[in-house]
Each structure stands twice: as structure tokens, then as C-alpha cells.
Amino acid sequence: MTEQQLRALLADMSLAEKFGELQQMPGQYYTDDCIETGINAAFDFTEEEVACIGSALNVLDPARIIEIQKQHIARHPHGIPMLFMLDIIHGYSTIYPIPLAQACSFEPDLVRALARATARESCAAGQHVTFSPMADLSRDARWGRVMEGSGEDPYLNAKMAAAAVQGYQGDDLTAEGTISACVKHFAAYGAVEGGREYGYVDMSERMLRQYYLPAYKAACDAGSGMLMTAFNAIAGVPASGSRELNAILRDEWGYEGAVISDYGSISQMYSHGVIQNPLESTKRAMDGGVDIEMCIHHYRRGLPQLLESGEITTEQLDRAVWRVLNLKNRLGLFEDPYHFASPEKAAKLQNCEDFLQLARESVPRCSVLLKNDGKLLPLSPDADETVAFIGPFLNESDLLGGWVNQKVGRITAATLQETLQARFPARDFTYTAGCALLGAEDAMMAEKKHAAFETDADRRCAMLEEAVAAAKAADKVVLFLGEHPQCGGELAARADIRLPKIQRDLFRAVAAVNDTVVTVVFDHRPVELGDIAETSKALLNVWFPGTMGAAGITDMLFGDAAPTGRTTMSFPHTVGQEPIYYNRLPTDHAPEFSPIYITGYVDCPLDPLYCFGEGLTYTDFAYGEVRLDKATLHAGETLTATVTVQNVGERDGEETVQLYIRDPFASVSQPVKELKGFKRVFIPKGENAEVTFPLTPDDLRFYNEDVDFVWEPGEIQVFIGHDSRVSQYKTFRLEE
Ligand code: GLC
């Protein structure tokens, strides 16, 4: 439809149709074949309201979606099609590594490719919008939703959020195989105090703008069709009713996409103690720029009254309706209301060989090798040695992690034991679980997450004994340990981020009888590894690797693929260090100030156990000195920083070269380091690569005391290295 036709449609719509466009219906209204991601209000709709509904949430079956759409168009006074929306967070039926794992690839191209494949499956299945990417910067591993984001760095977050949007949407949303992105949660949901789910957020505007907003902006600039507001308040103002956030989004950034609330975030303004009644929250949300209310029905009841009383204007209503119509038009729904939905195509695409292969190849690129003493990994595929494979993940079929629609058609990929047995039928391997995923000590979490846990002490003891016997008899042990697959995502904040005690007991018992232990860890967050890190000879963090996790892990264990991921969240020594992140601000009690009076703890190092950007692979790299092509950089110029990286190991390999800067003296404190560039380079063994990074004054901007986005003349330090611990740097002067 042309803009003119769309304007004419808007002008011709009745009030009931306009109110309807801003309403969303939970899938339960239409079918039992749907999922539930929030509470539902009573379905007390009039026929006219149902006829004018603008979108639906959580409907799964493509044939049912086509049917609903057909009925809806016939019934709608102007035949305006509905939008179908769903949380498709890291794959539709083929599941890829969790978003945090994908970020650890440091490969926007990979994130784009996985989003592209996801869009192809989702589009054929009838979905129009996915509530992804989550662009919430996350610095506190206690928060369960860190798994859905890209970690602690604003620069990397922004790159990954933009890549996801580009992957989902392609260049033209009317094309087959595309779905609209919906970047979330605007804003700063990842900064909930203490990592507590639905917790409180408060920070300076400078902190918000410098760290938390860039990724949302990058997604908006990449053309995200929709944006979702957050549950949390910021400094007491609910994000779903914030005129300030709306002004940033609409006036500063010029974002013209549709804005949807989170599930109930308008009605929950009440619990923030900010409004007295639903009518007030409806007004605040409309003033705060929310176009569509997700499922709960304050807009439905409140907008007609507010318009009647003049507390909201026709312009406001029309602006909101326009943005929803515009998204439908971007998707080409007025020409093809089904947007290429096809049960046959969906069935063909689901878990097709191409996507399964892509899923398998993504596992090593997202996995982080944290330790590899004596190059224990990779294991030899044909050595004459006994390997005992032990752990509750050995026969776990769910390696998918949180935010997976269990009802969507899915293959149950081979487990690790099945994969290993099939790959090495003749090898002298032994297999035993050793324990359950959770023990009685985890009862509270297990009950909240509807997860099973070991209650039989005798069985627990017997399984442990069997594992110890297997470990004793083996030359090497590979342990598969981790968080429960359902203990990540929403409603999964943890105050204790260690692995379950039952698994820590298994680790200790096995390590006591065999000193050659490889530990493979499954987690939704950088868990507190403790003595597992100290005692394991090799430590491979695979996050939740998705449908092809077992194949991808086996590829790494036996060298068919090398892990090349780098962690984008710091692993703490202890949860007491949380929130912990590399780009922290300096304090006056810095080490250079005094060897005694320095910031930190008396019982724990200041730095994390494993830092941002850290990760090994199956070869080693050596870095030369940083070389700068200018001693002074002026406005309008570009400085080039270069480093020579040499592959000094025994195998060809890929290295993620990282460039950080530090502005040691500015009008306001600047982080001790900031990532401003990264490049993955393939370097054959024994060879070198010259890696260059451009830097301009704009790359060095920050928010000053007046919250202006500026760069200031002065010395800038440039670091290029393997990870955020890099210490050698060169300086240049930034001048007007
Ligand atoms: C949830 C989540 C949000 C999700 C939405 C729809 O409460 O906060 O991320 O997209 O509801 O399921």
C-alpha cells in the first residue's frame, strides 16, 4: 500500500477500529495450541472488539494462523490483517546457542546468519514479529535473563543487536523468509538491582546513555520494526510510561517503529506505586509512547474514556495507530496477509539439514575454552586410552536452554552419550551420569522451575560410587556439568550462582581419584566455578548450545572443530563480586595510588576469575607492539592502529583481536578500558597477520557533566590484545 493509501485508510477507520489496532489478543482466545507467557485477563470482548483486534500473541500452528487471519479479514470493517507475534529468541524449531553464547562468537555475521535462518523458519510458520533481540546490557550474572542478551559491553551489544535485526528483517520485510524484529526491553532491564528479577533500576542519565542505550539505538537504527518497553522503572519512573525515554526514542533517535508494552507492564505501573488506577496507567503509557498493549486490557477499557475526556488527543491515537499500520505495511500484509505462511514449507524447513548443520557449526564458535593445561584438549580420536564420560548432561536431551517454545515441532537431537557412542563405537569409553541435575539442596529452585531433583539418598550415593569407580579406572575423565536447562531466562534470578551441590560433590569425588579431568559446563550465565576451575585440567564453557549441542561439543572434544568463543561476561571468583565487569570506572584508591589503600576486598581479588574477551583455542597467538600511524588525531581525521599477530602454535587457528581504549583524564571519570573494535582473523600455524583498526574522534565520545555527547582533547591510550586484561598500550593526543 502506498503511504497515501495508508493515510486514507487511517482517516476512514472508526474509533473502534483504531482502539482495536492497539489491542493484542493472547493466543488462548483462538486456540489451545498456543503457549502462555503471562497472565490473561477475562475474555469479555464484544464482537466488534474481536473484529477490530490488531494482533495476537503466542499462536503456534501455521494452519491455525492462516485460518484466524482469514476469518479476521472477513470480519474486520476494513479487512485490516492482524500481526502474529511470538518469542523466538534463539531459533524457531532448530535451536541455536543462546544469545549470550552467540555474542561470545564476537561474530556479528554469525548472529546475522542465525537470525536469518530463524526468520525463514518462523515466516513459513506464520509468525510476523519476534520479540528479539534483547539488547539489555547485563553486568550481574545473578539475573537469569543475561542468557538472552550479549553481555557487559555496550559496543559489542550494539553490534550484535543490529546484526540480529538485519538477520531477521533482511533488506525488505515484504520478502519471503523475513520477520520483524522487536528490540527489548527499553530500557535498562538488565540493571535490576542485585540481579533480582523484575527488580529496581536506578542510575545516572550519563550511565544510562553511555552504557545501556547504545544497543537499543543500534537496533532501531538497523530498522527494527518494533520496540518493547521494559517492566522496570528507572529512578522511580516506569519505563512503560516514561515521557523521557519516549523523547529519547522518538525525538532524539527519530524512531518511527511501533512500540509494544511488555506483558502487563502497563497494568503493573500500579505495583510501582506510581498510579492509582488503570485509567491513569493507560494515560501514562500513551503519553510514554506505547502503541500496543501486550495482551492485558487497560488500553481497551481506558482509551475510549481518555479520548472522550480529552486526556488523550486524536493526534496521539492516530499516531499510535499509524505506526501499527505502517509495520503491517512494511511486512506487506495488505497485499499478502499471510506473509508466506505455509504449513508445508514450515514442515520442510523445520530442522532441515542446512539449519542443523548451521546449528552444529555455531557451537564451537560460541563456546569458550577457559582453561586447557598441557593442551589436554583436543583428545585424540584414536589414542589407546580409556576415557570416562561422566555427568548429568551425558544423557540430557535438553541442551537448548531457556526461551524455547517447547510445543514447536522439534527434533530431539542425539544426546552426548549417543553421539559419542555413534562416533567412536570401538573406543574404550565408559559412561555414567554420576548424579541428577539437581539435588535436595535445590528444592526451592526446583519447585519454582517445575524441575525434578534427586530425593533418594541411596540412589544418589550409588550413582556417585559408580562414577568414582569409572573415574578411577580411566586414564582421563570428561565431566558434563551445568545449570538446569530450565533455570535460565525470565524468573530465573539466582542468589547462589554455583553449580548445584550434587554436581559439585560429583566433581570433587571424581577429581579425588583422577587428576586428568576435562569439565564441560552448560550454563545460562557466567557461573561461579570455584574449585571446578581450579582443579579441572581443561574447562570448556558451552553455555546452552542448542539442538546440535552434542555434535558440536563432540567435534570440539576430539578436534574436528576448535572452540573460538570469548566470554562477553566476566566470570566471578565468587557471587559476592557481582555485578562485575571489565569496563568499570577508576576510583581514587587505585593501585598506582598506594600498595595498601586500594579499592577491592580483603578476601577476594578485585578482578574476575575470567575476564571479558577471554577464551582459548587449540593454538596460541603472540602479539607484537601496537603501532599508531599518528601521534596526534584531529577532528575529521582517522587514526589507524596496527598490530602483528603471530600463530605460534601447532595448528591453524582463529583469533579474535580486540582493541580497547582508555581516556585516562577527562572532565568526568572514564572506564579503565573500553572495547572499540574487534576482528576475527584466521592465521595458519607459523604465520603472521597484520590487523588494523580505524579510530576517529567520534569513537571517543562520551557523556560529559552536562550529558552532552562530546570528545575532549587529551591523551588517549590504545590497547590491542587477546582480551580485556591486555596491559601494553600506545598513546596519541586527541586535539581539536
Ligand atoms: C515476558 C518478557 C518479554 C516477552 C513477553 C512476551 O514477560 O518480559 O521478554 O517477550 O513477556 O512473552
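A polar contact, as I shall use the term, is a pair of N or O atoms within 3.5 Å. With that in place, let me turn to the structure, which is a predicted model.

I begin with the ligand. Its surroundings comprise 13 residues, and the closest are Thr37, Asp87, Arg145, His185 and Asp262. By character, this shell divides into six nonpolar, two polar and five charged residues.

Which side chains place a polar atom beside an oxygen atom of the ligand? Asp87 does so, at 2.5 Å. His185 has a polar side-chain atom 2.6 Å from a ligand oxygen. Glu490 also contributes, with a polar side-chain atom 3.1 Å from an oxygen atom of the ligand. How much of the ligand does the protein bury? Taken alone, the ligand exposes 310 Å², and 99% of that area is buried by the protein. As for where the ligand sits, the space that it takes is the second largest cavity.

I now move to the sheet. Four strands form an open sheet in the order β1-β2-β3-β4, and their pairing is parallel. Why do β1 and β4 each have a side without a neighbour in the sheet? Strand β1, residues 24–26, and strand β4, residues 129–130, stand at the edges with a single partner strand each, so one side of each is left open in this sense, without a neighbouring strand.

For β4, let me describe the pairing with β3. Strand β3 covers residues 83–86, and it pairs with β4 in the parallel sense over two bridges. Within this pairing, Leu86 stands opposite Thr130 of β4.

That concludes my presentation. Thank you for your attention.

Terms used:
Residues are numbered from 1 along each chain as its sequence is written. This is a predicted model: local features need pLDDT of at least 70, side-chain atom pairs count only at pLDDT 80 or more; totals for chains, interfaces and linings use all residues. Side-chain values use heavy atoms; hydrogens and water are left out. A residue is near a molecule or strand if one of its heavy atoms lies within 4 Å of it. A polar contact is a pair of N or O atoms within 3.5 Å; within protein, one must be able to donate a hydrogen and the other to accept it, and residues adjacent in sequence count only if both atoms are side-chain atoms. Accessible areas come from the Shrake-Rupley method with a 1.4 Å probe; for residues, only the protein chains shown count as cover. On a 1 Å grid over the protein atoms alone, a cavity is a set of points where a 1.4 Å probe fits but cannot get out, and a pocket is an open set with protein on both sides within 12 Å along at least five of seven lines; lining residues have an atom within 4 Å of a point. A molecule sits in a cavity or pocket if more than half of its atoms lie within 2 Å of its grid points. Ala, Val, Leu, Ile, Met, Phe, Trp, Tyr, Cys and Pro count as nonpolar, Asp, Glu, Lys and Arg as charged, and the others, Gly among them, as polar. Two strands pair if DSSP finds at least two bridges between them.
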